[in-house]
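Please look over the model shown here, with an eye to how its interior is put together and to a few individual residues that merit a careful reading.

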Amino acid sequence: MWSSRTSEPYLSLTAHYIDQDWNLKSKCLQTAYLPDDHTGEVTALGLSEALAFWGLSEDKQVCITTDSGTNIVKATSLNNWTRLQCFRHRLHSEKASKDKRVERAVAVCKRVVAAFSFSWKKKRELAAAQEELHLPQHKLVTESPTRWGSRQKMVGRVLEQHKAISQVLSADKKTRHSVPSWQDLDVLESVHGALNPLLEFTDSLSGESYVSVSYLKPMLHLFRTQILKPLRMKHNLQKTLR
C-alpha cells in the first residue's frame with residue numbers, strides 16, 4: 001500500500017520465487033488504483049482479486065511478507081494466508097517513542113520539515129543559507145511511518161542543516177517559534193547517535209537478489225555485543241535509547 005506524489009492511493013503486489021536454476025526472482029505483478037479506505041476487508045479483497053486475475057492458486061503461496069500495519073495484518077488473517085512479518089520493520093525503538101523528551105524533539109523536527117515542505121520561498125531561502133554557510137545542498141527529509149529509517153534520516157538531516165534552518169526560520173516572525181532549541185538539538189543528537197548504527201545493518205536485509213534470513217542471527221549477535229553494549233555516551237538519554 002502506497003501513495004503517489006499526488007497523494008493517490010495504490011496497492012502493489014510482488015511475487016518472489018526461485019527459478020529452475022535456483023536463482024531468486026521477483027516480479028511486480030500489478031499496481032492497482034485503490035481509492036477506497038484501506039481497511040483490512042478492502043485490502044484482503046484487493047489481494048485475493050490480484051491473485052485470481054493472474055491465475056495464481058492460493059494453495060501454492062508459501063506466505064505473504066508485510067509490515068505490521070493493522071490493516072494488512074487483518075487482511076492476511078481474513079484470507080487465511082500465512083504472514084511472515086518483515087524483520088526490518090520490527091527494528092524500531094518503542095522505548096524511544098514513549099520518552100517525552102524524544103516526542104517533543106521529534107515533533108519539533110517534523111514542524112521544521114513541514115515549514116519548508118509547503119513553501120517554495122522557504123526552500124529557496126534554505127538553499128541560499130546553505131550556500132552562505134558552506135553546507136551541503138541537501139533537501140530536508142520527511143518521516144514516513146511505513147518507511148524504515150525515515151525518522152533517523154529526518155533527524156540526521158535536521159542536525160546537518162540546523163544552522164541554515166535556524167537562520168531562515170529566525171528571519172520570519174511567523175516561523176521563529178519553530179527554531180529548535182539547544183535542548184531539542186541535544187536530544188536529537190542522542191537519538192541520532194544511538195540509532196544511526198542500525199541503518200547500516202538493516203540495509204543488508206533489504207536485498208532481493210540474495211537470501212537475507214541467514215543474516216538475522218549474526219545481526220542479532222552484533223546488536224548484543226556491539227551496538228547495544230554500554231558505552232561512554234554524551235547524554236544519559238542515549239543510554240536509555242540503547
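The report below goes through the nonpolar cores, the helix packing, one buried acidic residue, two backbone angles and the cysteines.

**The nonpolar cores**

The coordinates come from a predicted model, and the account that follows should be read with that in mind. In soluble globular proteins, nonpolar side chains tend to be buried together. Here the largest nonpolar core has 31 residues, and the members that touch the most other members are V112, F116, L140 and I165. Two or more residues of this core are given by each of α5 (100-117), α6 (120-132), α7 (150-160), α8 (162-170), α9 (182-203) and α10 (216-227), and the largest share, nine residues, comes from α5.

The surroundings of L140 can be described residue by residue: when residues up to four places away in sequence are not counted, L140 touches V112, V113, F116, L126, R157, Q161 and I165. A second core, separate from the one just described, consists of twelve residues, with A44, A50, L51 and I64 among them.

**How α5 packs against α6 and α7**

Two packed helices are described by the angle between their axes and the distance between the axes. For α5 and α6, the axes are 6 Å apart and the packing angle is about 105°; an angle from 65 to 115 degrees counts as roughly perpendicular, and α5 and α6 are therefore roughly perpendicular to each other. The residues that meet in this pair are A115, F116 and S117 from α5 and K122, K123 and L126 from α6.

For α5 and α7, the axes come within 10 Å and cross at roughly 75°, which makes α5 roughly perpendicular to α7. In this pair, V106, C109, K110 and V113 of α5 meet R151, M154, V155 and V158 of α7.

**A buried aspartate in α9**

Is D184 buried or exposed? Although aspartate carries a polar side chain, D184, which lies in helix α9, is buried because its relative accessible area is 3%, and the cut-off for buried is under 20%. The side chain of D184 is joined to that of R104 by a polar contact of 3.0 Å. Leaving aside residues up to four places away in sequence, D184 touches R104, A105 and V108.

**Positive phi angles and cysteines**

Most residues other than glycine have a negative phi, and most peptide bonds are trans. W22 has a positive phi, near 65°, and is found in the loop between β2 (9-18) and β3 (24-33). N80, likewise not a glycine, has a positive phi of about 60°, and its place is in the loop between α2 (70-78) and β5 (83-85).

The table sets the accessibility of these two residues beside that of two cysteines and of D184.

| Residue | Relative accessible area | Class |
|---|---|---|
| W22 | 71% | exposed |
| N80 | 71% | exposed |
| C28 | 52% | exposed |
| C63 | 28% | partly exposed |
| D184 | 3% | buried |

How many disulfides does a search of the whole structure find? A disulfide is a covalent bond between the sulfur atoms of two cysteines, and the search finds zero disulfides in the whole structure. C28 is classed as exposed because its relative accessible area of 52% is over 50%, whereas C63, at 28%, is partly exposed.

How values were computed. Residues are numbered from 1 along each chain as its sequence is written. This is a predicted model: local features need pLDDT of at least 70, side-chain atom pairs count only at pLDDT 80 or more; totals for chains, interfaces and linings use all residues. Side-chain values use heavy atoms; hydrogens and water are left out. A nonpolar core is a set of buried Ala, Val, Leu, Ile, Met, Phe, Trp, Tyr and Cys residues joined through side-chain atoms within 4.5 Å. Buried means under 20% relative accessible area, exposed over 50%, partly exposed in between (1.4 Å probe, protein chains only). Helices (H or I, at least four residues) and strands (E, at least two) are DSSP runs, numbered from the N terminus. Contact means heavy atoms within 4.5 Å. A disulfide is a pair of cysteine sulfur atoms within 2.5 Å. A polar contact is a pair of N or O atoms within 3.5 Å; within protein, one must be able to donate a hydrogen and the other to accept it, and residues adjacent in sequence count only if both atoms are side-chain atoms. Axes are lines fitted to C-alpha atoms, for helices over the stretch in contact, and angles run from 0 to 180 degrees between N-to-C directions. Angles under 35 degrees count as roughly parallel, over 145 as roughly antiparallel, 65 to 115 as roughly perpendicular and the rest as oblique.
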